[in-house]
Amino acid sequence: QVQLEESGGGMVQAGGSLSLSCAASGSISSRYVMGWFRQAPGKEREFVASFWRSDGGALYSDSAKGRFTISRDMSKNTVYLQMNSLKPEDTAIYYCALRDVGSRNWDYWGQGTQVTVSS
């Protein structure tokens with residue numbers, strides 16, 4: 001089993017920044033990728049950013065491009081999401097996810113961390 005623990009959520013005013021982190025532990029395969037998703041009230045969960053291969057390469061949603069940056073520390077099995085220029089529409093629960101490189105599905109999910117952006 002794999003456990004994912006997010007941290008760093010909170011409340012910020014529009015235009016501000018927040019940084020999220022997610023640490024993975026447990027039976028992690030040698031080739032995995034991690035990413036971030038979010039779910040706003042009344043909406044479906046949506047993709048935010050992820051790595052698409054174990055040695056790098058980041059993908060972003062259109063809403064995240066230019067404002068959010070995903071990074072990682074492989075030695076700590078940790079992924080980060082730096083969010084700048086936050087907007088009220090970024091308000092959501094942010095989830096960390098992990099999958100094996102060979103898997104088409106995100107197999108493991110964190111419990112989520114709330115991000116609230118006030119106008």
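**Ring pairs, a disulfide and the nonpolar core**

Three aromatic pairs turn up in this protein, in what is a predicted model. Take Phe-37 and Phe-47 to begin with: the ring centres sit 5.6 Å apart and the planes meet at 75°, so this pair is edge-to-face. Phe-37 belongs to strand β4 (residues 32-39) and Phe-47 to strand β5 (residues 46-53), so the contact ties together parts that are 10 residues apart in sequence. The two rings do not get equal cover. Phe-37 has 9% relative accessibility and counts as buried, whereas Phe-47, at 28%, counts as partly exposed.

Phe-37 also pairs with Trp-106. Here the centres are 5.4 Å apart and the planes are at 75°, so this pair is edge-to-face as well. While Phe-37 lies in strand β4, Trp-106 comes from the loop between β9 (92-100) and β10 (108-109), so the pair ties together parts that are 69 residues apart in sequence. Both Phe-37 and Trp-106 are buried. Put the ring pairs together and they link Phe-37, Phe-47, Trp-106 and Trp-109 into a cluster.

Two arginines join in with the tryptophans of that cluster. Arg-45 places its charged end over the ring of Trp-109, at 4.4 Å from the ring centre. Arg-99 does likewise with Trp-106, its charged end sitting over the ring at 5.0 Å from the centre.

Now for the nonpolar core. In soluble globular proteins, nonpolar side chains tend to be buried together. In this model, the largest nonpolar core holds 31 residues, and the members that touch the most others are Met-34, Trp-36, Leu-81, Met-83 and Tyr-94. Strands β1 (2-7), β3 (18-26), β4, β5, β7 (68-73), β8 (78-83), β9 and β11 (113-118) each give two or more residues to this core.

Leu-81 makes a handy example of how the core is wired. Leaving aside neighbours within four places in sequence, Leu-81 is in contact with Leu-18, Ser-19 and Leu-20, with Trp-36, with Val-48 and Ala-49, with Phe-68, Thr-69 and Ile-70, and with Tyr-94. Two of those partners, Trp-36 and Tyr-94, are themselves listed among the core members that touch the most others.

Ile-70, one of the Leu-81 contacts, is found in strand β7 and counts as buried at 5% relative accessibility. With neighbours within four places again left aside, the residues in contact with Ile-70 include Met-34, Gly-35, Trp-36, Ala-49, Ser-50 and Phe-51, and also Ala-58, Tyr-60, Val-79, Tyr-80 and Leu-81. Ser-103, on the other hand, is 33 residues from Ile-70 in sequence and 20 Å from it in space, C-alpha to C-alpha.

Ser-50, also among the contacts of Ile-70, lies in strand β5. Polar or not, this serine is buried, with a relative accessible area of 4%. Beyond its neighbours within four places in sequence, Ser-50 is in contact with Met-34, Gly-35, Gly-57, Ala-58, Leu-59, Ile-70 and Trp-106. Through Trp-106, then, Ser-50 touches a member of the aromatic cluster, and through Met-34 it touches one of the core residues named above.

There is also a covalent tie: the model has one disulfide. That disulfide joins Cys-22 to Cys-96, with an S to S distance of 2.1 Å. The angle about the S-S bond is -80°, and the link is left-handed. Cys-22 lies in strand β3 and Cys-96 in strand β9, so the bond ties together parts that are 74 residues apart in sequence. Cys-22 is buried, at a relative accessible area of 0%, and Cys-96 is buried too, also at 0%.

Zooming out, the secondary structure comes to zero helices and 11 strands, which read along the sequence as β-β-β-β-β-β-β-β-β-β-β. A compact globule of 119 residues would have a radius of gyration near 14 Å, and the protein, at 14 Å, agrees with that. Along its principal axes, the C-alpha trace spans about 40 × 25 × 25 Å. Of the 119 residues, 41% count as buried. As for contacts between residues at least 6 apart in sequence, 53% of them join residues at least 24 apart.

Note on methods: Residues are numbered from 1 along each chain as its sequence is written. This is a predicted model: local features need pLDDT of at least 70, side-chain atom pairs count only at pLDDT 80 or more; totals for chains, interfaces and linings use all residues. Side-chain values use heavy atoms; hydrogens and water are left out. Rings of Phe, Tyr and Trp (its six-membered ring) pair if their centres lie within 6.5 Å; planes under 30 degrees apart count as stacked, over 60 as edge-to-face and the rest as tilted. Helices (H or I, at least four residues) and strands (E, at least two) are DSSP runs, numbered from the N terminus. Buried means under 20% relative accessible area, exposed over 50%, partly exposed in between (1.4 Å probe, protein chains only). A charge sits over a ring if NZ of Lys or CZ of Arg is within 6 Å of the ring centre and within 35 degrees of the ring normal. A nonpolar core is a set of buried Ala, Val, Leu, Ile, Met, Phe, Trp, Tyr and Cys residues joined through side-chain atoms within 4.5 Å. Contact means heavy atoms within 4.5 Å. A disulfide is a pair of cysteine sulfur atoms within 2.5 Å. The radius of gyration is taken over C-alpha atoms; the globule rule is 2.2 Å times the number of residues to the power 0.38.
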